[in-house]
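Work through the exercises below with the sequence and the structure at hand. Try each task before reading its solution.

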Amino acid sequence: MAAISLLNPKAEFARAAQALAVNISAAKGIQDVMKTNLGPKGTMKMLVSGAGDIKITKDGNVLLHEMQIQHPTASLIARASTAQDDMTGDGTTSTVLLIGELLKQADLFIAEGLHPRILAEGFEQARKKAIEVLDSMKIPVNANKEDLLNIAKTSQCTKVHPKLASVLSEVCVDAVLSIRQDKKPVDLHMIEIMEMQHKTEMETTLVKGLVLDHGGRHPDMPKRVENAYILTCNVSMEYEKSEVNSGFFYKSAEEREKLVLAEREFIENRVKKIIELKKKLCDGTDKSFVVINQKGIDPMSLDMLAKEGIIGLRRAKRRNMERLSLACGGQAVNSVDDLDESSLGYAGLVYEHVLGENKFTFVEECKYPQSVTILIKAPNKHTLAQVKDAIRDGLRAVNNTLQDECVVPGAGATEIATHKELMKYKDTVKGKARLGIQAFAEALLVIPKTLAVNSGFDSQDTIVKLQEEAVATGEAVGLDISSGEVLKPQEAGIVDNFIVKKQIINSCTVIASNLLLVDEIMRAGMSSLKG
């Protein structure tokens, strides 16, 4: 029996206390890296890629995606946090901090000989109680603009400068409210995000329509039209090559001429049908006509359209075609045979904007846009990336609020209140599990503590102040990061998403418990059984 080695002899082991120490030190390590990013006063991190590209960010999700994390436990925590972002759009830094702090608190008790399993059971009881407390702190909100602006601003202030945050939150709220339909979930893909390296980030705007990243291909086409009918089509207006390799044999040059003319006529007939419709609808009125085609339009066809004063755009992207019919109305047509007014969309203004070598076409003033475009402007690439990440989080925050129909107080208020309730609850629990509840309650305080430290205040002073105030008033109180005093987050308009907080409590408890219960780490490939 001894001849068969059950384990790969080259494997590296970490057993019992050593395995736990490896996990806890990894959690502390990644917590220390992310700690300084938390909250509006958090600091930035600069990531430099192998190619020398710079990324300056304080968005936890971006950092965890871009950092190359070697340690297996740390990468597990990082993956859990990025999953948190995929689910709810926020809360990555908080997740990392809370997992690290839960393991730190657990370490104190394990050093005194407490079994990790008992701690894990205590964590589970504390999690259930924490969710109950969170439910009791809900603040119901309607879909009114002011409440949504507060939630968007709270989310954005932790990513970008407060002045920029107020511009972006306005844009995000307007975008979501534009495409929202009663009783239907909001599809955030209907909000196109376009980037323009131009002017400053403060000029980021919402276009209630679409911005296409190409322009008309003919110099004589009008650059700006008003009251435009929009025809979205997927019809080829150029010579087609046959799909199989084929050849033609002619008896004479005349026959070749005839074929060329027949081909040309075939395309021209299509273009003429569009021109006929334009004449029927627009001649004698102040209306104009725009053709946006997914396939090609050849120079001769473009020339015919230009003579009639029609803007023709070719090779539009497929996703833009879907959005166009939602933004302008009408439907995308696949043939020009039965064209009539019902298949056309409408836009109040269509114009071309040239920026350097790039052309952009704006389709604006649509009647009932169900698809809108956020136009990000910034002077350089890394600012564009930073604003794009912030907008993504802002849109998700607004959407979460509409789905939850409630928010919870921010500024560390939920953590202070949950800590207070858990400490009361601990006294009702018998046995050693209460130590797990105590560790959980203490770990929650890492959020307000870190907010205080990042804002330049003493963490102990701040926590004591907040706890005294919470006991005295019985209300949710948070930290004012500019003065270090106590404030009522609801009055200051600092609110967090309910689903984000709930997800943080659930996922952190599960991951911290799993890491505590690891008693052996093996690093080894597959062992081969040859001799």
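**Exercise 1.** Is Lys 138 buried, partly exposed or exposed, and which side chain does Lys 138 meet in a salt bridge?

Solution. The model is a predicted one.
Step 1. Lys 138 has a relative accessibility of 38%. Buried requires under 20% and exposed over 50%, so Lys 138 counts as partly exposed.
Step 2. The side chain of Lys 138 meets that of Asp 135 in a salt bridge, at 3.8 Å from N to O.
Step 3. Asp 135 is also at 38% relative accessibility, and counts as partly exposed.
Step 4. As background, side chains of opposite charge can pair when their charged atoms come close.

**Exercise 2.** How many salt bridges does a search of the whole structure find, and what are the accessibilities of Arg 434 and Asp 427?

Solution.
Step 1. The search of the whole structure gives 18 salt bridges.
Step 2. One of them joins the side chains of Arg 434 and Asp 427, with 3.4 Å from N to O.
Step 3. Arg 434 is partly exposed at 30% relative accessibility, whereas Asp 427 is exposed at 55%.
Step 4. Elsewhere, salt bridges with shared partners link Asp 85, Arg 392 and Asp 393 into one network.
Step 5. Within this network, the closest N and O atoms of Arg 392 and Asp 393 are 3.6 Å apart. Arg 392 is partly exposed at 31% relative accessibility, but Asp 393 is buried, with a relative accessible area of 1%.

**Exercise 3.** Describe the surroundings of Asn 23, beginning with the helix that holds this residue.

Solution.
Step 1. Asn 23 belongs to helix H1, which covers residues 16-35.
Step 2. The relative accessible area of Asn 23 is 3%. The cut-off for buried is under 20%, so Asn 23 is buried.
Step 3. Leaving out residues up to four places away in sequence, Asn 23 touches Thr 73, Leu 103, Leu 515, Val 518 and Ile 521.
Step 4. With Thr 73 there is a polar contact between side chains, at 2.8 Å.
Step 5. Asn 23 can also be placed relative to Gln 438: the two are 415 residues apart in sequence, and their C-alpha atoms are 21 Å apart in space.

**Exercise 4.** Which backbone oxygens does the side chain of Asn 454 reach?

Solution.
Step 1. Find Asn 454 in helix H14, residues 446-454. Its relative accessibility is 19%, and Asn 454 counts as buried.
Step 2. The Asn 454 side chain reaches the backbone oxygen of Lys 35 at 3.1 Å.
Step 3. A polar atom of the same side chain lies 3.0 Å from the backbone oxygen of Leu 38.
Step 4. Beyond neighbours within four places in sequence, the contacts of Asn 454 are Lys 35, Thr 36, Asn 37, Leu 38, Lys 41 and Gly 42.

**Exercise 5.** Compare the span of helix H8 with the expected value, then list what its buried residues pack against.

Solution.
Step 1. Helix H8 runs over residues 253-282 and has 30 residues.
Step 2. From first C-alpha to last, H8 reaches 42 Å, close to the 44 Å expected at 1.5 Å a residue.
Step 3. Among the buried residues of H8 are Arg 264, Ile 267, Val 271, Lys 278 and Cys 282.
Step 4. The buried residues of H8 pack against strand E8 (224-233), strand E9 (288-293) and helix H9 (299-307).
Step 5. Just after H8 comes Gly 284, with a positive phi of about 80°.

**Exercise 6.** Where are Asn 227 and Ala 411, and what is the phi of each?

Solution.
Step 1. Most residues other than glycine have a negative phi.
Step 2. Asn 227, in strand E8, has a positive phi near 50°. Asn 227 is partly exposed, at 23% relative accessible area.
Step 3. Ala 411 sits in the loop between strand E14 (406-409) and helix H12 (413-426). Its phi is positive too, near 60°, and Ala 411 is buried at 14% relative accessibility.

**Exercise 7.** Which residues make the nonpolar surface patch of about 300 Å²?

Solution.
Step 1. The patch is made by Met 46, Val 48 and Ile 54.
Step 2. Val 48 is part of strand E2, residues 45-48, and is exposed at 54% relative accessibility.

Methods: Residues numbered from 1 in each chain as written. Predicted model: local features only at pLDDT ≥ 70, side-chain atom pairs only at ≥ 80, totals over all residues. Heavy atoms only, no water. Helix = DSSP H or I, 4+ residues; strand = E, 2+ residues; numbered from the N terminus. Expected span 1.5 Å × (residues − 1). Buried < 20%, exposed > 50% of the residue type's maximum accessible area, 1.4 Å probe, protein only. Contact = heavy atoms within 4.5 Å. Polar contact = N/O pair within 3.5 Å; in protein donor to acceptor, adjacent residues only side chain to side chain. Patch = residues over 30% accessible without salt bridge, like charges linked within 9 Å, V, L, I, M, F, W, Y side chains within 5 Å. Areas by Shrake-Rupley, 256 points an atom, 1.4 Å probe, with all protein chains shown as cover. Salt bridge = Lys/Arg side-chain N within 4 Å of Asp/Glu carboxyl O.
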